[in-house]
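Reader: I would like to learn how to read helix packing and chain contacts from a set of coordinates. Could we go through them one feature at a time?

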Amino acid sequence: MRSAGEAMNRSGPFLLLTLVAGLLIWAYWPGAAGPSLLDDKSSVSVLEVLEDTSRARDFVLGDTSGPLGRPVSMATFVLERLLLDNGTVTSKKVNIILHALIGVFIAWLLLLLFQWAKFPYAAWMSVALAAVWLFLPLHVSTVLYVVQRMAMLACLFVVLSCISYLQFRRAQCERRTSIFWLLLVPVFASMAVFSKENALVVIPILLLMEVFWLQFIGADGRKQIWLAQLTLGLIAIGALSVVLLLSLKFEWLANRYGSRDFTLEERLLTQLRVVWDYMRQSIWPDMARLGLYHDDYPVSSSLSDPKATLYAALGWIALVLALLAGSFWREGRILAFGLFLFLAAHSLESTVWPLEIYFEHRNYLPSVGLIIFFGALLGTIGRNWPNLMPPLLAWTTIFLIVTAAKTGSQVQMWSNGPLLAMNHVNGHPESPRANIDMASHMASVGELGSALDYSERAYRFSQIHKSSASEREGDRFVRDIALSCIARKPLPLPHLQKIGSVNPERPLGSVNTFHVLVQMLQDDVCPEFDWIALADHLAGIYLIDNRTHRASANMYSVLAGLENALQRFDRAYAYTELFLALSPTNTRGQLMKLHFATALGKVEVAEQMIAALQGKQAAGELNVGEQQTLALYTEQP
Amino acid sequence: MLTFGLNYALTGGFDSFWLKIGNLIIHLASGAFVFLFSRLVLLHSLRHTSNRESITLTAAVIASGVWMLHPLFVSTVLYAVQRMAQLSTLCVLLGLIVFLKHRVSWALKGALPAEILTAALWLALIGMFAVYSKENGLLLVWLVLLCEVCLFRGEWDGRQRPWLAIAGIALFSLPFIVVLTIFVFAPDYFIGRYSGRSFSLYERVLTQTRVLWQYVSWLVLPRIDQMGFQHDDIVISKGVLVPLTTMLSILGWALTLSISWVFRRRIPLLLFGVLFFLVGHSMESTILPLEMVYEHRNYLPGVGVCLLLGFGFAVLVDRFEIRKPLIAIAGVFLVLTFPLAVRVHTWADDLRLSEVNLRNHPTSSRSNYFYALALIEDYEERLIALPEDEVLEVEPLALSRHFYERMHQEDPDNLAAISMLYYLDERYFPQLKDYVDWLEVMGSAANSRVLQATDFIGLRFLLDCFEMGACNSGQARVVDILRSLSTRYPNRPDMYVLQYRMQYLLDPTNAKLEDLLLQAVAANPQDNNVYPWLITHYSRVGNVAEVYENLRESMLKDPARRRLPLLKRLFTDG
């Protein structure tokens with residue numbers, strides 16, 4: 001009997017973890033049928049043109065959504081495209097399996113942490129808490145949003161980096177060789193950062209883990225002074241660097257908020273509330289509010305507006321002071337680690353950078369900290385009062401079941417485009433994006449009137465909420481034209497002429513919206529629409545002189561695309577000139593100019609462009625796709 | 001609901017056989033818990049008795065056996081939806097066992113705070129399950145306090161602690177005090193809830209004093225000829241002396257409680273058993289505006305009575321030194337098994353069940369209604385299966401009509417009876433249409449009738465009849481009746497929906513159809529049941545935008561997402 005019990009204790013948690021992973025995949029699987037969303041189009045759908053390995057490198061290294069290009073994440077999308085089918089369903093399925101895999105590694109991380117802290121029921125606890133993390137409803141909007149694989153991979157490699165460090169430290173304590181594990185730490189950390197830049201937080205996380213959890217303990221149970229000095233020294237250097245950066249570069253940072261409707265100060269104040277909300281939505285979410293669109297989140301303009309900002313600030317001060325005070329005791333440090341990890345993991349995306357105010361996927365890694373905190377709480381109680389463990393584990397199981405049920409329902413919501421759109425509008429009636437999404441659905445069923453109502457609401461709310469970009473009226477009119485095309489009820493000429501009636505010096509701001517409209521022309525979605533009238537009207541706004549202030553470089557590029565689709569190369573050429581005036585060395589602009597110059601028979605200009613582009617090619621500045629395009633003009637027929 | 005889901009997952013549907021098997025398994029598990037609970041209670045309360053082991057074993061076996069085999073609980077176990085009451089009882093019993101296990105140990109050796117917290121966490125968990133099975137799972141808290149007051153009386157760490165005994169009594173009394181305070185300062189809180197009932201709070205409380213004795217008599221002497229699915233023929237107590245048995249019942253309870261109190265030290269089980277029964281009934285058989293009698297309400301309180309019966313039996317066995325108590329026990333079980341088998345047999349067939357219900361309760365409106373309906377359903381099923389060249393006797397229909405007539409005579413304004421009589425005459429007895437104009441009867445009843453659940457069932461049946469094409473005359477008069485009812489019940493959305501259904505039959509292009517459904521939404525904006533009608537309506541008229549808008553509204557008013565699978569099917573199945 002005893003051996004059976006031991007076997008159960010040894011293999012039971014592993015079997016349970018396998019079961020949990022299987023259940024998770026089963027619960028999430030219907031979600032794969034859901035729609036592609038927001039950035040899926042710009043980061044993932046572009047891969048549709050990838051036919052073979054020749055241009056694979058372009059896509060792996062060519063993503064522009066982050067400063068480091070996120071090649072690891074892009075490599076997975078490219079592999080998926082080459083080996084599988086690159087459909088949204090497949091991408092979501094890959095995300096689901098990846099999520100289950102990350103859960104398994106989190107269980108491993110928790111096991112190592114709990115074993116280090118000598119918690120009772122370490123294996124069972126780590127599986128139960130990893131299961132809770134896996135089934136958090138907040139993660140649905142990460143797992144079923146294809147492009148957020150970037151955040152998932154970043155989390156995976158941060159977790160692996162932590163596991164490697166823990167293995168290294170365990171081997172060190174057992175006086176075993178541990179170089180292999182130590183080397184893996186920076187390898188995984190680098191992969192994390194090249195998956196998504198916010199994984200840079202792996203450094204503070206590792207340092208915090210040493211200070212608060214491992215507490216510099218060495219082979220004989222004594223404190224390793226050198227390690228303490230090194231760790232604390234690195235923390236001090238890091239903290240000093242942050243303080244210096246903020247004081248010296250504050251203006252620079254503040255100026256980067258030019259494209260936002262809120263200021264650096266407002267973002268910092270708002271994040272005080274947002275991060276509390278993240279915590280609440282992670283643990284016991286308000287299901288109605290869960291979703292992709294939070295561009296209606298009220299921005300704090302001061303500590304007292306809204307008052308919750310002050311309470312949030314006081315709450316953080318109290319919490320951090322309590323954690324620091326508790327850190328004078330060993331068990332206090334163990335308890336504090338999870339919450340500090342949560343804060344550290346939010347330190348990039350939820351502080352000074354001019355990112356949007358609120359996104360749920362930002363909690364994918366930080367929520368591991370919350371799970372560690374609950375583990376530490378349970379383990380500490382279990383170590384001091386073993387009788388309390390069984391009922392607490394039973395409560396944890398109930399929490400898990402309730403959480404899993406909520407996740408199941410959220411996945412069902414995400415498994416269907418119209419349902420998701422309605423859910424978003426219900427949860428966030430003032431979100432411009434949610435209203436735009438709903439407008440698209442109404443247009444797709446031919447209800448133009450309703451679609452235009454939602455479009456108008458989106459415009460109106462974008463003027464009210466600072467957390468969303470204030471939309472230009474011209475962009476709204478462009479969107480309305482696109483909606484009318486989707487609904488197969490093209491708007492009449494007077495509507496087109498509204499573009500530029502307001503803010504004529506810069507009538508359009510959203511390149512994406514206009515790009516969608518041009519795409520419709522290219523795909524011949526809306527043959528009944530008077531495209532020539534639209535193009536003429538826009539030319540009347542943008543081409544009346546050679547001044548470039550009316551649009552961004554990218555907008556001129558899309559305008560050139562419009563004229564190109566209409567085969568009016570002279571105007572396309574004129575727009576490209578404006579594009580290059582704003583961005584003279586842009587390769588895409590140069591290729592466009594080459595194309596239009598050739599079409600117009602401007603041999604001299606074409607030769608100039610070829611020379612410039614060949615220069616770039618010689619310097620290795622062209623990717624494979626650009627080289628192939630250039631070759632079309634340089635190779636002999 | 002989770003267990004019903006489990007049933008669905010395991011058997012691929014809601015086959016009543018498997019649902020009832022599920023209920024039976026829960027009943028057996030509860031029976032085991034009754035044994036464990038009785039054993040713990042008896043062991044502690046008889047701890048100073050020399051032969052407590054044998055008395056305890058005999059009493060616990062009898063208590064659990066009687067409880068499991070009792071014919072009264074057939075209407076709980078074989079009525080699928082009463083799984084809610086069953087699970088709640090199961091959890092309450094488990095909670096009491098957990099409490100007693102801990103408390104017995106604390107009485108002897110005391111406890112550290114962590115041990116108390118451990119027990120509290122288990123109890124909270126079990127209590128949560130009990131409450132989420134059915135709200136009367138809340139009784140666990142009160143029953144725990146009952147154990148404290150009657151069985152332990154402040155015993156802790158081998159000594160009596162007066163403060164603990166006083167605290168126990170104070171907490172046990174708290175619900176009485178709270179209810180009394182509300183009643184004194186805000187009586188409308190209770191009285192106002194009776195507006196939808198044909199009896200008042202005063203009448204209900206008085207009637208329940210008799211009903212509780214009725215329950216006791218069924219538990220002690222299982223007269224299956226008095227049992228049934230419906231008990232709406234109970235005579236309402238209009239005053240303390242009307243009927244006289246009301247006064248006798250009140251005196252009976254006063255006397256029982258007094259005797260139990262006087263003997264609380266010599267026979268603590270007596271007070272415990274009596275209070276267990278009363279506390280178990282405190283939610284459903286006192287001040288809440290529920291219907292008067294249901295057998296399933298005894299599922300938990302019956303444990304108290306069975307415990308006393310078991311104890312009494314064991315004392316007799318001990319006193320008379322019966323050497324082979326097993327034979328006596330088997331005899332008791334055998335005696336119970338016979339009525340149990342008869343009642344289970346009755347419940348095995350719909351028609352038989354309705355017939356027996358009616359035989360046991362001939363003046364019950366519902367028994368009349370359901371038997372008559374079962375006769376019609378049986379007739380129509382046979383009619384469908386009938387070969388073309390054969391003719392079916394209409395006697396069952398005549399019998400059905402007779403029972404509806406009787407129901408109508410007992411309760412002339414009952415809309416269900418009138419609707420069914422209209423249906424029968426329209427469809428099967430057109431020659432009788434000239435004798436009574438049922439729509440006129442219904443019209444006058446609709447002016448004053450306090451509508452009950454059965455009335456709505458009848459009205460819906462009437463609308464089904466028109467929609468099926470079985471009823472063909474008087475649509476406009478039905479519209480008038482429904483309009484009149486809507487005026488009297490402006491907050492009932494279903495009245496407008498019924499009007500909509502009728503108006504749609506009269507004229508599907510009527511421009512006012514939409515208004516009726518919008519009025520239904522306005523009648524109770526939180527009610528989510530009108531949206532399927534709105535969605536259907538807009539779908540019929542081809543207004544896709546409104547279909548979407550109402551789907552969205554429907555989702556908004558369904559925060560628990562109960563309709564999500566249905567909504568999803570709308571999109572996936574087109």
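Author: Let us begin with handedness: a crossing is left-handed if the near helix is turned anticlockwise from the far one by less than a right angle, and right-handed if clockwise. Helices (H or I, at least four residues) and strands (E, at least two) are DSSP runs, numbered from the N terminus. The model is predicted, so local features need pLDDT of at least 70 and side-chain atom pairs count only at pLDDT 80 or more, while totals for chains, interfaces and linings use all residues. Residues are numbered from 1 along each chain as its sequence is written, and chains are lettered from A and ligands numbered from 1 in the order in which they are written.

Reader: How do helix H12 and helix H13 of chain B cross?

Author: Axes are lines fitted to C-alpha atoms, for helices over the stretch in contact, and angles run from 0 to 180 degrees between N-to-C directions. The axes of H12 (residues 268-281) and H13 (residues 302-319) of chain B come within 7 Å and cross at roughly 160°, which makes H12(B) roughly antiparallel to H13(B) (angles over 145 degrees count so, under 35 as roughly parallel, 65 to 115 as roughly perpendicular and the rest as oblique). The crossing of H12(B) and H13(B) is left-handed.

Reader: Which residues of H12(B) and H13(B) make the contact?

Author: Residues are in contact if their C-beta atoms, placed from the backbone, lie within 7 Å. Among those of H12(B) are B:Leu269, B:Gly273 and B:Phe276, and H13(B) offers, among others, B:Val303, B:Leu307 and B:Phe311. By class the contact has 9 nonpolar, 3 polar and no charged residues, where Ala, Val, Leu, Ile, Met, Phe, Trp, Tyr, Cys and Pro count as nonpolar, Asp, Glu, Lys and Arg as charged, and the others, Gly among them, as polar.

Reader: At what angle do H18 and H19 of chain B pack?

Author: H18 (residues 415-427) and H19 (residues 438-446) of chain B pack at about 165°, with their axes 9 Å apart, and H18(B) passes H19(B) in a left-handed crossing. The residues of this contact divide into 9 nonpolar, no polar and 1 charged.

Reader: How many residues does each chain give to the contact between chain A and chain B?

Author: The contact takes 20 residues from chain B and 25 residues from chain A. Helices H6 (113-133), H25 (544-556) and H26 (564-572) of chain B each supply at least two residues of the side that touches chain A, and that side of chain B divides into 15 nonpolar, 1 polar and 4 charged.

Technical notes:
Two residues are in contact if their C-beta atoms, placed from the backbone, lie within 7 Å.
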